[in-house]
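Here is a protein model to talk through together. Have a look at it before the questions start.

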Amino acid sequence: MNRDKMLEAVRARGAEPWDVVVIGGGATGAGVAVDAATRGYVTLLVEREDFGKGTSSRSTKLVHGGVRYLEQGNVSLVMEALKERGLLRQNAPHLVHDLEFVVPNYSWWEAPFYGIGMKIYDLLAVKYSFGRSKILSREETLKRLPTIEQEGLRGGVVYHDGQFDDTRLLTHLLMTAADHGATVLNYCAAVGLERDSDGFVNGVALEDRETGECFTVQAKCVVNATGIFTDEVRRMAEPGAEAMVSPSQGIHLVLEKSFLRGNNAIMVPRTSDGRVMFAIPWHGHTVVGTTDTPIEAPSYEPKPLEEEIEFVLGTAAEYLSRKPSREDVLSIYVGIRPLVKAAGSDASKTSALSRDHTIHIDGSGLLTIVGGKWTTYRHMAEDTVNHAATLGKLPDVACKTAELKIHGWREGVPEEDDLSVYGADADAIRALAGISPALAERLHPALPYLAAEIVWAAREEMSRTVDDALSRRTRALLLNARAAMEIAPKVAALLARETGRDEVWQREQVAAFTTLAKQYLPRA
């Protein structure tokens with residue numbers, strides 16, 4: 001992906017309408033762009049910040065069926081998610097892998113209760129199963145979770161789900177869309193909607209946020225896939241539109257790997273606030289979360305509340321033999337869920353709000369897709385493009401994504417290989433690292449990233465800023481905020497050489513990133 005070429009493709013299109021214009025460059029928007037492009041529709045995706053800047057980069061890093069929804073009786077959502085989980089592992093085996101979860105049992109009734117629940121989970125997965133669950137003895141539980149709190153431990157239940165790197169999948173989805181002819185642009189804001197003589201939306205006014213250039217594109221169908229900012233775009237079409245989204249905030253704490261030795265994750269099915277709590281191994285670290293806190297309004301950089309930090313630390317301390325403290329936190333990342341309001345629902349009880357996706361077409365013909373979760377992005381996109389084809393009077397073409405190999409597809413990549421998440425692109429990155437010793441160097445001893453990855457991100461993945469490179473093309477900021485700040489000047493220099501920026505730009509980038517990274521650390 002090359003941004004200059006993408007921008008030129010938009011200019012070259014001129015007044016000729018695109019079949020589908022997607023506003024929003026997160027999981028949902030990228031999925032829609034892939035689906036539309038593979039059906040042969042002429043597709044443009046625009047994102048006003050960087051791809052995945054919002055919710056899609058801040059997940060719990062799980063591709064899962066949703067055990068908690070089974071308890072709520074939402075069997076259809078669980079079955080859909082389990083099927084999509086299986087398809088995702090099939091289509092992106094370099095990014096999605098099996099992870100064993102242990103539910104520790106401290107009461108006599110937990111083993112049979114959760115054991116039966118997990119067997120139902122297994123049955124619902126049918127041919128898409130990642131593995132069968134089983135009840136563990138105390139000794140077996142300790143072998144899998146050597147750092148679990150031992151006092152009162154009776155045993156556990158093990159089950160299988162999926163894990164992934166969210167923005168690496170997002171980047172590869174966008175590359176897949178581009179591979180099939182889609183045009184994708186970050187830092188390109190939709191600032192208004194165009195209408196025809198009948199008042200129907202037939203185009204989008206855009207602003208290139210790097211240059212300030214403004215232009216208008218025509219469209220047979222405009223898709224609003226902006227997640228937590230859904231209502232902002234809907235009000236471009238209908239200023240008085242009632243809010244569809246009730247945002248809820250969740251935080252994750254990142255700790256050293258030593259807090260969760262081994263390769264198994266912990267799942268606590270019911271915390272004091274009613275949420276599921278996870279402690280999972282991820283990129284050589286331990287991620288603990290999450291909370292569920294209603295908030296007033298969405299933002300790109302939500303901040304953790306002190307009570308959320310204390311809640312996660314306190315809950316983790318109940319289940320880990322080594323009790324984590326604020327000083328142990330390497331990074332805190334915060335995501336906002338775009339939960340869909342139901343008529344008459346109480347937005348203060350986010351656990352009762354819908355996790356399903358919703359498609360809405362307003363009176364102007366703007367098509368909105370909102371809700372859902374990472375695991376079901378493909379099904380959401382299929383549903384959306386089916387509606388878009390009808391709305392835009394496009395040729396009737398069947399969805400092709402159920403068996404579509406995602407960019408980078410490669411089987412049998414060892415997870416211990418730090419470049420494994422690049423799949424087939426890893427060879428090109430190794431070749432790039434071989435050009436000079438400087439590119440083969442690790443950026444920081446506490447992080448698994450090479451200088452060559454920053455150059456690759458700039459050349460092939462439209463990384464434009466230090467934040468792009470360290471937050472989303474690599475996960476340095478999420479893994480260790482202090483280490484990320486230390487390497488910011490080196491990363492800025494690498495990006496500047498690739499993008500033709502000067503030293504003033506480098507200093508501004510380092511200052512902005514340092515300010516941002518400090519928000520990822522707990523206050524002393």
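A polar contact is a pair of N or O atoms within 3.5 Å; within protein, one must be able to donate a hydrogen and the other to accept it, and residues adjacent in sequence count only if both atoms are side-chain atoms. This is a predicted model, where local features need pLDDT of at least 70, side-chain atom pairs count only at pLDDT 80 or more, and totals for chains, interfaces and linings use all residues. Residues are numbered from 1 along each chain as its sequence is written, and side-chain values use heavy atoms, leaving out hydrogens and water.

Q: What makes Thr465 and Asp467 a polar contact at the start of α14?
A: A side-chain oxygen of Thr465 comes within 3.3 Å of the backbone nitrogen of Asp467, and the limit is 3.5 Å.

Q: Why is α14 called a helix?
A: Helices are DSSP runs of H or I with at least four residues, numbered from the N terminus (strands are E runs of at least two); α14 covers residues 466–473. The protein chain has 17 helices and 18 strands.

Q: Why is the protein chain called as compact as a globular protein of its length?
A: Its radius of gyration is 23 Å, close to the 24 Å from the globule rule for 524 residues, so the description fits. The radius is taken over C-alpha atoms, and the rule is 2.2 Å times the number of residues to the power 0.38.

Q: What makes α14 mostly covered?
A: Buried means under 20% relative accessible area (exposed is over 50%, partly exposed in between; 1.4 Å probe, protein chains only), and 8 of the 8 residues of α14 are buried. Among them are Val466 and Leu470.
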